[in-house]
Amino acid sequence: MPKGTLEVLLVCAKGLQDTDFLRTGNMDPYVVLSCRTQEKRSSVASDLKLKIMDSDTLSQDDFVGEAIIPLHSVFEAGNVPQQAYNVVKDKKFQGEVRVGLTFKPEVIIYGGDRGYGGESYGGWKESSY
């Protein structure tokens with residue numbers, strides 16, 4: 001998997017199936033993002049998994065479904081415009097989430113303060129959107 005920064009723009013979700021039978025208000029969905037890193041090089045492209053949850057006040061949050069986004073096209077093009085991805089639970093359609101992706105490859109600086117072929121490590125950054 002190439003090294004760099006992957007920016008994920010969560011635009012919206014629609015048509016999500018309500019997980020509560022006795023709901024008095026609206027759903028409170030949120031997304032958990034995870035990207036499995038590879039320890040060895042392989043020909044299989046990595047995916048981005050979006051886990052959609054419904055926040056509950058009096059009980060444990062409910063799993064709504066997940067969307068799997070292949071990353072090979074954003075690695076090649078550097079940008080994937082906003083598009084809808086299916087949210088699935090137990091192989092059943094649960095709605096969709098709209099996401100835009102941007103990939104900025106890591107620039108390796110030889111010499112200087114970072115040392116020969118130094119690495120930098122990214123982290124999660126919360127959007128101001």
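Trainee: Is Val107 buried or exposed, and how should I read its relative accessibility?

Mentor: Three classes are used: buried means under 20% relative accessible area, exposed means over 50%, and partly exposed lies in between, with a 1.4 Å probe and protein chains only. Val107 has 61% relative accessibility and is therefore classed as exposed. Bear in mind that this is a predicted model, in which local features need pLDDT of at least 70 and side-chain atom pairs count only at pLDDT 80 or more, whereas totals for chains, interfaces and linings use all residues. Residues are numbered from 1 along each chain as its sequence is written, and side-chain values use heavy atoms, with hydrogens and water left out.

Trainee: Where does Val107 sit in relation to the strands, and what is the order of the elements in the protein?

Mentor: Helices (H or I, at least four residues) and strands (E, at least two) are DSSP runs, numbered from the N terminus. Here there are one helix and six strands, and from the N terminus on they follow the order β-β-β-β-α-β-β. Val107 belongs to the segment after β6, a strand that covers 92-105. Although Val107 and Lys3 are 104 residues apart along the chain, their C-alpha atoms are separated by 8.9 Å.

Trainee: What do the totals say about burial and about contacts between residues far apart in sequence?

Mentor: Of the 129 residues in the protein, 22% are buried. A contact means heavy atoms within 4.5 Å, and among the contacts with a separation of 6 or more, 49% come from residues 24 or more positions apart.

Trainee: How many salt bridges does a search of the whole structure find, and which residues form them?

Mentor: The criterion is a side-chain nitrogen of Lys or Arg within 4 Å of a carboxyl oxygen of Asp or Glu, and the search finds two such pairs. In one of them Lys104 is paired with Glu7, with 3.0 Å between the closest N and O atoms; this links distant parts of the chain, since Lys104 is in strand β6 and Glu7 in strand β1 (residues 4-14), 97 residues apart. Both partners are partly exposed, Lys104 at 44% and Glu7 at 36%. A salt bridge also joins the side chains of Glu96 and Lys14, at 3.6 Å from N to O, and again distant parts of the chain are linked, with Glu96 in strand β6 and Lys14 in strand β1, 82 residues apart. In this pair Glu96 is partly exposed at 21%, whereas Lys14 is exposed at 53%.

Trainee: Which residues touch the most other members in the largest nonpolar core, and which element gives the largest share?

Mentor: A nonpolar core is a set of buried Ala, Val, Leu, Ile, Met, Phe, Trp, Tyr and Cys residues joined through side-chain atoms within 4.5 Å. The largest one has 17 residues, and those touching the most other members are Leu50, Ile69, Tyr85, Val97, Val99 and Leu101. Two or more residues each come from β3 (47-54), β4 (62-70), β5 (79-89) and β6, with β6 giving the largest share, four residues. Leaving out residues up to four places away in sequence, Leu101 touches ten residues' worth of partners that include Leu6, Leu48, Ile69 and Tyr85.

Trainee: What is the burial class of Phe103, and which residues is it in contact with?

Mentor: Phe103 lies in strand β6 and, with a relative accessible area of 6%, counts as buried. Beyond its neighbours within four places in sequence, its contacts include Pro2, Lys3, Gly4, Val74 and Phe75. Phe103 and Ala77 are 26 residues apart in sequence, with 8.3 Å from C-alpha to C-alpha.

Trainee: Where does Asp90 lie, and what is its phi?

Mentor: Most residues other than glycine have a negative phi. Asp90, in the loop between β5 and β6, has a positive phi of about 50° although it is not a glycine. Lys91 is placed in the loop between β5 and β6 as well, and its phi, near 65°, is also positive. Asp90 is exposed at 66%, and Lys91 is exposed at 83%.
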